[in-house]
Amino acid sequence: MEIKIALAGNPNCGKTTLFNNLTGSNQFVGNWPGVTVEKKEGRLKHNKDVKIIDLPGIYSLSPYTLEEVIARDFLIEEKPDVIINIIDGTNLERNLYLTTQLKELGIPIVAALNMSDILQKQNDVINIDELSRLYDMPVVEISALKNIGLDELQKTATAYAGKKAGKPVSFSPELEETLSKIEALLPATVPADKKRWYAIKLFERDEKVLEKIKLTPETSSKIDELIEAYEDRVDDDSESIVTDERYNAITSSINKVHKKDKTKKLSLSDKIDRVVTNRYLALPIFALVMFVVYFISVTTVGTWTTDFVNDGVFGDGFFLFGAGREHYEEALGEYDLASQEIEAFEEMQASENLTPDQLKSATAQLDVYSDEGELEEVIPVDYATYLQAQDVPEPEPSQFGTFVPGIPVIVQNFLESVDCAEWLQGLILDGIIGGVGAVLGFVPQMFVLFFLLAFLEGCGYMARVAFVMDRIFRKFGLSGKSFIPMLIGTGCGVPGIMASRTIENERDRRMTIITTTFIPCGAKLPIIALIAGALFGGAWWVAPSAYLIGAFSIVLSGIILKKTSMFSGEPAPFVMELPPYHLPPLKNLLSSMWERGYSFIKKAGTIILLATTLVWFLSNFGFEDGRFGMVDMQQSMLAVLGSAISFIFIPLGWGTWQGAVATLTGLIAKENVVGTFGVLFGGMSDVAENGWQVWQNMQAVFTPAAAFSFLTFNLLCAPCFAAIGAIKREMNSTKWTLFAVAYQCVFAYCVSLVIYQFGAWIYGDGSILGTVIAVAVLAIAAYLAFRPAKQYKPMKAGAELQ
Amino acid sequence: MNTLKDAKIGSTVNVKKIHATGALKRRIMDMGLTRGTPVYLRKLAPLGDPIEITVRGYELSIRKDDASLIEVEETED
């Protein structure tokens, strides 16, 4: 027979560790239906018939937070056979508060008293028998971390499953009397073992329960009378009366159960906290921690692993352990130079039509440019050099070390060997494998980041991040923890968005997901370099202004969105536990890292792959001479599409098809904008990272104001498909994903419009109509930002001052 | 009215009444801040808000806005 166990407990009580140790690898992570809260299920390592559902970490079963509603709906509707209530023994009072509520559900409960090892160290004694007697439930001492007592816990829980539940915690005689009167009024449909739960919830005027249990007006007014009479007597609201009673019951029991070591010592955690959130040291330490996270996950390990996947596994290939790479690259450089020399010489021959005799005494010039587009060196190429150059062999990587070819190379060799049609090869290699690479390329970096985040969360520092940064971020409707997604977002928006997972409050999390990609990521830097170089003579202020616009967009969006109906309503109370510091078990870090990374591949992978393949297809295929097939980008369907939609961008100053097409290819990856301009403005298939080869041609099409508007639009509009996939994964809702992308595009459009219309005056081509529209846009934005927030007030003003 | 917001860092006070309603009141009380509970004001965040307090043996962070809704009284000692 299958047994269903629900695992319930406070956040930070060791629930994750216990769940991991009970289930091992037999776990499945998903989402609770319709929300972004993780749902974990698993089966006991030693007994596959026993299913364990890990409920979200909660402090209470109130109707106000998403996690709590999920937990209680599950407990009421899915009726688990037994609840394992994990209780942090070092924090007994508050943990028992949840226990008093679980006890009312009529479900058998086994208490797992965790951290027994720490209690022992602190010389604290908890009287297990007394605790078990007072709360009428079996209590098993465990240490989830040290794997102590878990066998006994499993045995007790499975034996107790389906048995009669113990007596609930009793309140004061007066309250008990009123509750039993309400119980008597309950409709007959309420099962006997749930009567107390419903009576208490009705007494608390719990709206979620009132909706579900349809009372007749008569019963409802009778119950109201009972509640009001009680409230008048005690002079408090019924909900608070019950909460008070629960804590009173706990306080009176705790003295009988818990013998605390009276000699007060500073725990290690206290000592750490003294330094970490110290008035003067907190910010420098915060900066240091953030720097380390960024340095490891973005700059060093993250980049190495990403480059390895992109250029190695999904590129030409890689040398095993890097051995031989240096020599190979040297040889490759020589070969490149030789090819350029040959090209220069042959070009001269072609343009000047030299006879073979003339050739022998002629000298061509090879211009060598730096990455910045400056002429670095002019190499004379005479006939002897030309002949020598022809003898330089193309280096074969396998001669330099153990070379593992990349997946595309292997597949290409195979496709060529079976005489596959060229267009199909393109589709498979560049379209599909390129798309898979686009998904997997992010994964290693993400794993590194998730590992670090799991560590910060597990050790207790993440709560301090919120504590330290809260003051700044809450002004914009964000959480103090929004700092991390945005910081990571400067490297890459995809892990940035995924990092928003650490924000508990759903509203803050959604807001963070929507605004994170406004910050210029690494892939947007080439666009900035291109525009700065092509139209602003490489002016120093272009790059900082891009970051400023990003930060400004986050702030403005935060303020505007906070006041919309989607985000308004009661602000989430920021009453947050600061858990003690401790070293999280490696197993938890690894499993958290794996789950998050894997869920990105699974949930975001499909959309990224499909979208990438589609845009690749559109940009490589089209009609030429009445025939459909592979064409240059200028003739592609994407070019047709770009021309068709380019009129949209006329108010932004760049209503050209090139701009529209580049924006579309930018959706695959933002740096593609530069490559696309290379093709469209210079007919070059390969340009430098900042595209200096096409700067001249761009100046003919873009005015500086238009170029800056183009830059702004591409920075702020819908991010690349990978990031959109990440948004979809984190929002867990198509509606919210579409809203996020639509908002980003509209916002980008408005900002770019304003920038272009005002900027145009500086360069002498401003228009009256455009300026009027820009002013109107500004006015609307100002209205949205400064209008009073409606629903926010009543909550504070509703304070019952007597 | 003495509130938790104005209480001195390093002092211990007792909760007298919660002047909030709805979700906020429930949350504050759920975390153990009920009538008569002693609260130790541990420290101020580096930027001046929120406050870190010790209640029922654990650490809690609470914004000054919310703390201003918690009426407290001096402990008798």
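In the predicted model, A:Asp235 is found in the loop of chain A that lies between α10 (217-234) and α11 (238-257). Although A:Asp235 is not a glycine, its phi is positive, at about 60°. With a relative accessible area of 48%, A:Asp235 is partly exposed, because that class covers values between the 20% limit for buried residues and the 50% limit for exposed ones. A second residue of chain A with a backbone of this kind is A:Asn147, for which phi is near 60°, a positive value in a residue other than glycine. A:Asn147 is placed in the loop between β8 (139-141) and α6 (150-160) of chain A, and at 42% relative accessibility A:Asn147 counts as partly exposed.

Chain A as a whole contains 36 helices and 16 strands, and its C-alpha trace spans about 115 × 65 × 60 Å along the principal axes. Of the 802 residues in chain A, 53% are buried. Strand β1 of chain A, which comprises residues 3-9, is mostly covered, six of its seven residues being buried. On the one hand, β1(A) pairs with strand β4 (residues 50-54) of chain A in the parallel sense, over five bridges; on the other, five bridges join β1(A) to strand β5 (residues 82-88) of chain A, and these two strands also run parallel. A:Ile5 has a partner in both pairings, standing opposite A:Ile52 in β4(A) and opposite A:Val82 in β5(A).

Two surface patches of chain A were also identified, one nonpolar and one negative. The nonpolar patch, of about 560 Å², is made by A:Phe758, A:Trp761, A:Ile768, A:Val772, A:Val775 and A:Leu778. Helices α34 (734-762) and α35 (768-786) of chain A each supply at least two residues of this nonpolar patch, and the largest share, four residues, comes from α35(A). A:Val772 is one of the patch residues and lies in helix α35 of chain A. The negative patch is formed by A:Asp371, A:Glu374, A:Glu376, A:Glu377, A:Glu671 and A:Glu689. Among these residues, A:Glu377 lies in strand β12 (residues 375-382) of chain A and is partly exposed, with a relative accessible area of 46%. A:Glu377 can therefore belong to a patch, since its relative accessible area of 46% satisfies the requirement of over 30% that applies to patch residues.

In chain B, strand β3 (residues 51-55) is mostly covered, with five of its five residues buried. The cover extends to both faces of β3(B): B:Ile51, B:Ile53 and B:Val55 on one side are buried, as are B:Glu52 and B:Thr54 on the other. Strand β2 (residues 38-44) of chain B pairs with β3(B) in the antiparallel sense over five bridges, and within this part of the chain B:Leu44 stands opposite B:Ile51 in β3(B). The two strands form a hairpin with six residues between them, and in the turn B:Gly48 has a positive phi of about 95°. The loop between β2 and β3 of chain B also contains B:Pro50, which is joined to B:Asp49 by a cis peptide bond with an omega of about -5°.

Strand β3(B) is further joined by five bridges to strand β4 (residues 58-62) of chain B, the two strands running antiparallel. Here B:Glu52, which is buried, stands opposite B:Ser61 in β4(B). The hairpin of β3(B) and β4(B) has two residues between the strands, and B:Arg56 in this hairpin takes a positive phi near 50°.

Elsewhere in chain B, B:Gly32 is found in the loop between α1 (22-30) and β2. At 0% relative accessibility, B:Gly32 counts as buried, because the limit for that class is a relative accessible area under 20%. B:Gly32 and B:Lys43 are 11 residues apart along the chain, and their C-alpha atoms are separated by 19 Å.

How values were computed
Residues are numbered from 1 along each chain as its sequence is written. Chains are lettered from A and ligands numbered from 1 in the order in which they are written. This is a predicted model: local features need pLDDT of at least 70, side-chain atom pairs count only at pLDDT 80 or more; totals for chains, interfaces and linings use all residues. Side-chain values use heavy atoms; hydrogens and water are left out. Patches are made of residues with over 30% relative accessible area and no salt bridge: like charges are joined within 9 Å, nonpolar side chains (Val, Leu, Ile, Met, Phe, Trp, Tyr) within 5 Å. Accessible areas come from the Shrake-Rupley method with a 1.4 Å probe; for residues, only the protein chains shown count as cover. A salt bridge is a side-chain nitrogen of Lys or Arg within 4 Å of a carboxyl oxygen of Asp or Glu. Lys and Arg count as positive and Asp and Glu as negative; His and the chain ends are not counted. The place of a charge is taken as NZ of Lys, CZ of Arg, CG of Asp or CD of Glu. Buried means under 20% relative accessible area, exposed over 50%, partly exposed in between (1.4 Å probe, protein chains only). Two strands pair if DSSP finds at least two bridges between them.
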